[in-house]
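Visitor: Could you take me on a close look at one strand and what sits beside it? I'm in my first year, so please keep it plain.

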Amino acid sequence: MPNTDPLDTIITPAMRGQIGTTSAPWMVEFEPGAIRRYADAIGDPNLAYRDDDAARALGYDGIIAPPVFLGWPAWQGAQEQATGFESVRLDSPFKRHVTGGTEWRYERPILAGERLTALAELVDVYVKQGRPGVGKMLFQIIDTRYTDGAGALVVTTRYTDITFEGPQDEEGSDG
Amino acid sequence: MAEPQPTWDSVAVGQELPPLPKVATTQMLVQFAGASGDFAPHHFDAKLAKAWFPGTGVIVHGALKAAWLGQYLTQWAGAQGRLRGLATQDRGMDAPRHMLDAHQAEEGQTWHCMGVVVAKRVEGALALVDLQVWVENGAGERTTRGEATVALPRT
């Protein structure tokens, strides 16, 4: 018997078939100046993001990147890097967008000047019914794993991407 | 300014972390947009923000509040502690303070990073503490929430 649940019709078999897809690897460089500007911008005075001696006194192997630096901040100015992430994100039938959540898992801190290899994977896709005005919501879970030159995992990020239907009687906006 | 190093043995489930006050200003949002590469216009253009989200104006980046939680946890963990994991969710929109002049913000709301220890566990060589953390705005609303795991020295 055909499934007529309207929630289930959002994800096509082709979309479902994309679960598990990985991007091509891309290189992310953690430039010291970008780290310092980011720490300045969030108002974090920690010297571990600015001064090599201070960072070593805190037990690190040199200047490190702040924990939440990883993600869009680290990709700034490198379109091909964001493209690696974008390549696994499905085209949604919905135009409105919000970030459902972001998660970081650290094996060790990232050092300034380090170059890590990133690989994105679409790990899950599902649909939920939101409250009136939100409507149907398409969730995409995208993991990005960052490994170092020795092949060791350094950080994994998990991004929950939400696109949603929005009010039925007006045009959507990209929020 | 050095705070005492928390240890796994000394930390108790239910223990609250000392709050960290933070202030978001329109100037900080512009600086953060540049440093993070997030140029979504509702973070600097009030007219467009109102059109997209009626009743609002310029909106504080969720990623900025997540970064504050990263600062909060790293600071609390101390030199011998390490942040192992953080997950954040945006739960509400906040308006930044306006600027009074080139360097000072107007009076207005102050945000606080806050947290509580919810579990303690040992995984291999790691003595871990799980926490709930959040950013509370001037109206007492928790507009960013998160869960975190910190590795601490045993004693």
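Guide: Start at Thr99 of chain A, whose bridge partner in β5(A) is Asp161(A). That pairing belongs to a longer run: strand β2 of chain A, residues 96-106, lines up with strand β5 of chain A, residues 153-164. The two go in the antiparallel sense, and ten bridges link them. Keep in mind as we go that this is a predicted model.

Now follow β2(A) to its other partner, which belongs to chain B. Strand β2 of chain B, residues 82-90, pairs with β2(A), again in the antiparallel sense, over four bridges. If you want a spot to look for, find Thr102(A): Thr88(B) in β2(B) stands opposite.

That pairing takes us to the contact between the chains. Chain B puts in 30 residues and chain A puts in 31 residues. People often describe how big an interface is by the accessible area lost when the parts come together. Here chain B and chain A bury about 2,300 Å² between them, and 53% of that is on carbon and sulfur atoms. On the chain B side, the residues that lose the most area to chain A are Ala35(B), Arg82(B) and Arg84(B), which together make up 22% of what that side buries. Arg84(B) is worth a second look, since its side chain meets that of Glu107(A) in a salt bridge, 3.7 Å from N to O. Across this interface, the rule finds one salt bridge.

Let's step back to chain A as a whole. Chain A has five helices and five strands, and from the N terminus on they run α-β-α-α-α-α-β-β-β-β. Of its 175 residues, 49% count as buried. Take the contacts in chain A between residues at least 6 apart in sequence: 70% of them join residues at least 24 apart. As for the outside, the accessible surface of chain A comes to about 8,600 Å², with 52% of it belonging to carbon and sulfur atoms.

One last stop, over on chain B. Val30(B), Phe39(B) and Phe44(B) make a nonpolar surface patch of about 310 Å². Phe44(B) sits in the loop between α1 (26-36) and α2 (46-52) of chain B. Its relative accessible area is 44%, so Phe44(B) counts as partly exposed.

Notes: Residues are numbered from 1 along each chain as its sequence is written. Chains are lettered from A and ligands numbered from 1 in the order in which they are written. This is a predicted model: local features need pLDDT of at least 70, side-chain atom pairs count only at pLDDT 80 or more; totals for chains, interfaces and linings use all residues. Side-chain values use heavy atoms; hydrogens and water are left out. Two strands pair if DSSP finds at least two bridges between them. Patches are made of residues with over 30% relative accessible area and no salt bridge: like charges are joined within 9 Å, nonpolar side chains (Val, Leu, Ile, Met, Phe, Trp, Tyr) within 5 Å. Accessible areas come from the Shrake-Rupley method with a 1.4 Å probe; for residues, only the protein chains shown count as cover. A salt bridge is a side-chain nitrogen of Lys or Arg within 4 Å of a carboxyl oxygen of Asp or Glu. Buried means under 20% relative accessible area, exposed over 50%, partly exposed in between (1.4 Å probe, protein chains only). Contact means heavy atoms within 4.5 Å. Buried area is the accessible area (1.4 Å probe) that two parts lose on being put together, summed over both.
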